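The exercises below each set a task and then work through the solution step by step. Please keep the sequence and the model at hand while reading.

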Amino acid sequence: MKQRVRAVLITPHNTMLTIKRIRPDTPPYWVLPGGGVEDSDESLEAALHREIDEELAGKLKIIRLLHFLETATDQQFFYLATTSEWNFENHTGSEFSQEGRGEYLLEEVPLTPQALDQISLKPEEITAKIKTSILHGQCAVGTPG
C-alpha cells in the first residue's frame, strides 16, 4: 500500500500554500504540497520534510497530524504545519520536469471557508476537514517558525 504525506502549510500571512494543477482536458484543481513516502525516509514526518524541500525549496514546522485518509490503494497523512521559508522557483521534484504532467503553479489561498469554496482542492475530504478545523479554531498555529 502506497503512503503519501501532505501539508496544510500555513504562512505568516494566514494563507495556505497550494499547488494548482493545470492538465490538458482536465479542469484546474489544487493539491496540498507533499507526495509519496520513500523506503529511505526514516518516518512520515521525515518524508514530509523531504517533499516540502523538493517541491517548494521550503522548510516547515510540523504542528500535528490533522487528518488521515485510506483507500484500497493508499494511505494519506495530512499534517498541519507552518512555514515562513519557501521558493517555488527552486523546486527540485522530478514531477516538475516530466513531459505531459501539465503545469504546477504555487498559490497562496486565504485560510477561510469562503476561499476554500472558490477552489477545487483534492481530495475533497480534506477540504471539509480544513473548513471544520478553521471554524473550530483548530487551524490556529501561532507564530510560524
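**Exercise 1.** Locate Asp25, describe its backbone, and decide whether it is buried or exposed.

Solution. Asp25 sits in the loop between S2 and strand S3 (26-31), where helices (H or I, at least four residues) and strands (E, at least two) are DSSP runs numbered from the N terminus. Residues are numbered from 1 along each chain as its sequence is written. The model is predicted, local features need pLDDT of at least 70, side-chain atom pairs count only at pLDDT 80 or more, totals for chains, interfaces and linings use all residues, and side-chain values use heavy atoms, with hydrogens and water left out.

Next, the backbone: Asp25 is not a glycine, and yet its phi is positive, at about 60°. Finally, Asp25 has a relative accessibility of 83% and therefore counts as exposed, given that buried means under 20% relative accessible area, exposed over 50%, and partly exposed in between (1.4 Å probe, protein chains only).

**Exercise 2.** Work out which strands pair with S2, and in which sense.

Solution. Begin with S1, which pairs with S2 in the antiparallel sense over two bridges; two strands pair if DSSP finds at least two bridges between them. Ile10 has Met16 in S2 as its bridge partner. Continue with S3, whose pairing with S2 is antiparallel over four bridges, and in which Val31 is the bridge partner of Ile19. Then take strand S7 (residues 103-110), which runs antiparallel to S2 and is joined to it by eight bridges; here Thr15 stands opposite Pro110. As for cover, seven of the nine residues of S2 are buried.

**Exercise 3.** Describe the two hairpins that involve S2, and the residue with a positive phi in each.

Solution. In the hairpin of S1 and S2, four residues lie between the strands, and Asn14 in the turn has a positive phi of about 60°. Asn14 is partly exposed, because its relative accessible area is 45%. In the hairpin of S2 and S3, two residues lie between the strands, and Asp25 takes the positive phi, near 60°.

**Exercise 4.** Find where Pro123 lies and which form its preceding peptide bond takes, then characterise Ser133.

Solution. Pro123 belongs to the loop between strand S8 (121-122) and H3, and the peptide bond from Lys122 to Pro123 is cis, with omega near -10°. Ser133 lies within helix H3 (residues 124-135) and is buried, since its relative accessible area is 0%. Leaving aside neighbours within four places in sequence, Ser133 is in contact (heavy atoms within 4.5 Å) with Leu66, Gln138 and Cys139.
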